[in-house]
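Biologist: I should like to request a close examination of one part of this model, the sheet of the second chain, together with its surroundings. Please treat it in one connected account.

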Protein chains: 2
Amino acid sequence: MRQFVVVSHDAPLDGNFSLSDLPGAGRVDLLCRCLNAAFLTSHGIREAVHTYLVVRDEATIRLSGSTLRNLHPDERSTAALLRGALQAREQAVGHREVEPSPGVFVSKRGLAEVLEAIDSDGPVVQLHEAGNPIVDLAAPAAPTFVLSDHRNFTDGEKGLLAEHVDDRVSLGPERVHADHAITVAHNYLDTDGYAHY
Amino acid sequence: MRQFVVVSHDAPLDGNFSLSDLPGAGRVDLLCRCLNAAFLTSHGIREAVHTYLVVRDEATIRLSGSTLRNLHPDERSTAALLRGALQAREQAVGHREVEPSPGVFVSKRGLAEVLEAIDSDGPVVQLHEAGNPIVDLAAPAAPTFVLSDHRNFTDGEKGLLAEHVDDRVSLGPERVHADHAITVAHNYLDTDGYAHY
């Protein structure tokens, strides 16, 4: 199992946005590319992946690769999936999830609740330019990578991360977008730490 | 300098497509993500990159990082840039390029002409599942990576590649989309072969 937590600071909580302006919708385009990177290979879907999108600390959309349907590579169709999930948020009571589409779950959890939920699943890894090179990290069987959208983590988020993160890891000297980071992390794990091709 | 050649088999040559259905436009969405991966980092643009999109062997859109403007991360705005380039194709005479937008050039070249043009720039690398692990390749200073879209290379394209390709390289055991492959290739080169972080 591999898990990704992506923190979205600006996506519209009520799912009220136009599919024709995803950058203007709090950078939903970036979230869509993160899901593409997290789940899609050339010929299928990565079943052993969970991805959590934490939106404004008031909604969490969880996608589970083993049952996920209707995820296509393009941003627009993925944005429609996310819009449906956010629109279903009001049906979710507290931390309980509803499943508006197969493999897509939404709840009113924030980052604190998500980090608590995943803390025992395996090492929690924060991607950070000052972290240790990922090649120094033994490729763990069940890591959770925590990433931010186009904004930096807030001080409050950093505080939560400090409680849960086991490793801070650098992917290279270039600072890259979250979706590219997910692709590099997958490649590192796919190759067992650049050992098996 | 790093170069990418992406072969598109189905994008509409005349640029006549809807920005609201990029998958239906011969998978223009994939080309857009390839450009995002080729050029964009978290805080800017990779200036020392050229990318060639060869469309149906009858148009080549060349983008040059050093002068490129108006490339944003989302697919829709990038698709508008490509649409404009394809619509300007008729103004291009033979192999001569026109520049409909800063850093975006279009000509009527096909794959053979592009491969001839780049052959002396540095090693030509084909990404291939049966290739040598990329970690066995000395990180070359000026490689050109050649990739296909959602389709396999045709027999004719394979024949051309056989004449020009210096290395066939595997990025890992999972077969990944072209844009993800570009991200992994950049990371390999950024880190000087996973040595510098």
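In what order do the eight strands of the open sheet of chain B follow one another, and is their pairing mixed or uniform?

Modeller: The model is a predicted one, and the description below should be read accordingly. In chain B the order across the open sheet of eight strands is β6-β7-β5-β4-β1-β9-β8-β10, and the pairing is mixed. The sheet ends at β6 (98–101) on one edge and at β10 (167–170) on the other, each of these chain B strands being paired on one side only. From one strand to its neighbour the direction turns by 30 degrees on average, if the sense of the strands is ignored.

Within this arrangement, β1 (residues 2–8) and β4 (residues 49–55) of chain B are joined in the parallel sense by seven bridges. In this pairing R2(B) has V49(B) of β4(B) opposite it. Helix α1 (residues 28–39) of chain B is packed on the sheet, where it touches β1, β4 and β5 (59–64) of chain B. The direction of α1(B) makes about 165 degrees with that of β4(B). A further helix of chain B, α2 (residues 75–87), lies across β4, β5, β6 and β7 (104–107). Relative to β5(B), helix α2(B) runs at about 130 degrees. Both β4(B) and β5(B) thus appear among the strands touched by α1(B) and among those that α2(B) lies across.

The edge at β6(B) merits separate attention. β6(B) and β7(B) run antiparallel and are joined by two bridges. V98(B) has V106(B) as its bridge partner in β7(B). The two strands form a hairpin with two residues between them, and in this hairpin G103(B) adopts a positive phi near 80 degrees.

Chain A may be described in like terms. Its open sheet of eight strands is ordered β6-β7-β5-β4-β1-β9-β8-β10, with mixed pairing. The edge strands of chain A are β6 (98–101) and β10 (167–170), and each has a pairing on one side only. At the β6 edge, two bridges link β6(A) to the antiparallel strand β7 (residues 104–107) of chain A, and V98(A) has V106(A) as its bridge partner there. Helix α1(A) lies across β1 (2–8), β4 (49–55) and β5 (59–64) of chain A, at about 165 degrees to β4(A). Helix α2(A), for its part, lies across β4, β5, β6 and β7 of chain A and runs at about 130 degrees to β5(A).

A salt bridge adds a side-chain link to this region of chain A: in R62(A) and E97(A) the closest N and O atoms are 2.8 Å apart. Because R62(A) belongs to strand β5 of chain A and E97(A) to the loop between α2 and β6 of chain A, the pair ties together parts that are 35 residues apart in sequence. Over all chains, the structure contains 26 salt bridges.

The interface of the two chains completes the account. There, 36 residues of chain A are in contact with 36 residues of chain B. The chains bury about 3200 Å² between them, of which 59% is on carbon and sulfur atoms. Zero salt bridges are found across this interface, whereas 15 residue pairs are in polar contact, both residues being at pLDDT 80 or more. On the side of chain A that touches chain B, α1 (28–39), β2 (40–41), α2 (75–87) and α5 (178–190) of chain A each supply at least two residues. The largest share of that side, five residues, is provided by α5(A). By residue class, the side of chain A that touches chain B consists of 13 nonpolar, 13 polar and 10 charged residues. Helices α1(A) and α2(A) therefore recur in this account: they contribute residues to the side that touches chain B, and they lie across strands of chain A.

Notes
Residues numbered from 1 in each chain as written. Chains lettered and ligands numbered in written order. Predicted model: local features only at pLDDT ≥ 70, side-chain atom pairs only at ≥ 80, totals over all residues. Heavy atoms only, no water. Contact = heavy atoms within 4.5 Å. Buried area = accessible area lost by both parts, 1.4 Å probe. Salt bridge = Lys/Arg side-chain N within 4 Å of Asp/Glu carboxyl O. Polar contact = N/O pair within 3.5 Å; in protein donor to acceptor, adjacent residues only side chain to side chain. Helix = DSSP H or I, 4+ residues; strand = E, 2+ residues; numbered from the N terminus. Nonpolar A, V, L, I, M, F, W, Y, C, P; charged D, E, K, R; others polar. Pairing = 2+ DSSP bridges. Axes fitted to C-alpha atoms, helices over the stretch in contact; angles between N-to-C directions.
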